[in-house]
Amino acid sequence: MKVSVGQFDPSGDVNENLSVMRAQAEEAKAAGAELILFPEESMFTVGKVEGNLISAVNEHWSAFVQKLSFIAAETGIALIAGGYEASGEERPYNTLVIVDATGRIVETYRKLHLYDAFSYQESTKIKPGDGGLKLVEIGGLRVGVMTCYDVRFPEMARGLADQGADLICVAAAWFKGDHKIEHWETLLKARAIENTCWVAAAGTSSSHTVGHSAILDPMGIVQDYLNDEPRGIVTVDVTRRRIDEVREFLPVLRNRRLASTVDVVEAH
């Protein structure tokens, strides 16, 4: 299955962002892709939206999801995109929507790990999800999803691999800073290598985020990538055969001797 990742700089205008996503979905479809992954905050960037955040979420979330469905159905390509979903409280969820090529909403994922690090506190504005890991089948492959800061938690990627993920899609708005690009690239490679699965990552390309979208194979080898281009897509043929090849000579999932959780014995 060919997979594309789209990189752009979301504005505070939902319809403007949807226009960019439609154009990138059409470009991906023309390249033969069956799935396109868009970044975190594709709906709008929190720092750019006008007025009160929760009011904007209440006004735009349902229409955003509906229009994603229209884009998928009209272009004939599955898509994954991030936005902000009302939670019934003052803090919305940071949510990924997964839509199949017919326009059907097949799953949503609410970001589990909020970015409370590097002097930033996402949890002051956003409510953490509690729905667990999410996988769907697209184009004959099992696809798992993560959002940005989630990629720093290897147990999450391993959990997806244990559930059979062939491809892990990471939607991000990765903040700039000292060594942040190195962290991003290293973490993507690590998640691919340690789970011997494909990783696709879509990042926003704003003045405060790094971009650097990429698709990596199960050996952690970058197959195609973007730097900090304001807008662009890359497309790669993501195959089950490559997973089988790598797992034949690097059977780390079979060779494990520790479970994901380990009992701790208290010393006396």
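In which strand is T147 found? T147 belongs to strand β9, and we will visit it in one of the close-ups below. Please keep in mind that this is a predicted model.

**View 1. Six strands, from β5 to β14, make an open sheet.**
Welcome to one of the sheets of this model. Reading across, its order is β5-β4-β3-β2-β1-β14, and the pairing is mixed. The edges are taken by β5 (105-110) and β14 (232-237); each has a single partner strand, so one side of each is left without a neighbour in the sheet. On average, and with direction ignored, neighbouring strands here are turned by 25 degrees against each other. Within this sheet, β1 (residues 2-7) and β2 (residues 35-37) run parallel and are joined by three bridges. To find this pair, look for V5, whose bridge partner in β2 is L37.

**View 2. Helices α1 and α2 meet the strands of this sheet.**
Helix α1 covers residues 14-30 and lies across β1, β2, β3 (78-85) and β14. Relative to β14, helix α1 runs at about 30 degrees. Helix α2, made of residues 53-75, packs on the sheet and touches β3, β4 (93-99) and β5. The direction of helix α2 makes about 175 degrees with that of β3.

**View 3. L79 is a buried residue of strand β3.**
Is L79 buried or exposed? Its relative accessibility is 0%, so L79 counts as buried. Leaving aside neighbours within four places in sequence, L79 is in contact with L35, I36, F38, L68, I71, A72, V97, I98 and V99. For a sense of distance, pick out G164 as well: L79 and G164 are 85 residues apart in sequence and 20 Å apart in space, C-alpha to C-alpha.

**View 4. A second open sheet runs in the order β8-β9-β10-β11-β12-β13.**
This sheet has six strands, with mixed pairing. Here β8 and β13 stand at the edges, and each has a single partner strand, so one side of each is left without a neighbour in the sheet. Neighbouring strands of this sheet are turned by 20 degrees against each other on average, direction ignored. Helix α4 (residues 180-195) lies across β10 (167-172), β11, β12 and β13. With β11, helix α4 makes an angle of about 155 degrees.

**View 5. Strands β8 and β9 form a hairpin.**
How many bridges link β8 and β9? Four bridges pair β8 (residues 135-138) with β9 (residues 141-147), in the antiparallel sense. One of the places to look is E137, which has R142 as its bridge partner in β9. Two residues lie between the strands of the hairpin, and G139 takes a positive phi near 60 degrees.

**View 6. T147 and C148 are both buried.**
T147, in strand β9, has 0% relative accessibility and therefore counts as buried. Not counting residues up to four places away in sequence, T147 touches E40, N94, L96, Y109, K111 and A171. C148 lies in the loop between β9 and α3 (154-162). With a relative accessibility of 6%, C148 counts as buried. The backbone deserves a look too: C148 has a positive phi of about 45 degrees, although it is not a glycine. Most residues other than glycine have a negative phi.

**View 7. H212 sits in the loop between β11 and β12.**
β11 spans 198-203, and H212 is placed in the loop between this strand and β12. Although H212 is not a glycine, its phi is positive, at about 55 degrees. The relative accessible area of H212 is 14%, so this residue is buried.

**View 8. Strands β12 and β13 pair, and I221 lies in the loop between them.**
β12 (214-216) and β13 (222-225) are the strands on either side of the loop that holds I221. These two strands pair in the antiparallel sense over three bridges. I215 has D224 as its bridge partner in β13. I221 counts as partly exposed because its relative accessibility is 42%. Together with M219 and F249, I221 forms a nonpolar patch on the surface, and the three have about 280 Å² of accessible area together.

Key
Residues numbered from 1 in each chain as written. Predicted model: local features only at pLDDT ≥ 70, side-chain atom pairs only at ≥ 80, totals over all residues. Heavy atoms only, no water. Pairing = 2+ DSSP bridges. Patch = residues over 30% accessible without salt bridge, like charges linked within 9 Å, V, L, I, M, F, W, Y side chains within 5 Å. Areas by Shrake-Rupley, 256 points an atom, 1.4 Å probe, with all protein chains shown as cover. Salt bridge = Lys/Arg side-chain N within 4 Å of Asp/Glu carboxyl O. Buried < 20%, exposed > 50% of the residue type's maximum accessible area, 1.4 Å probe, protein only. Axes fitted to C-alpha atoms, helices over the stretch in contact; angles between N-to-C directions. Contact = heavy atoms within 4.5 Å.
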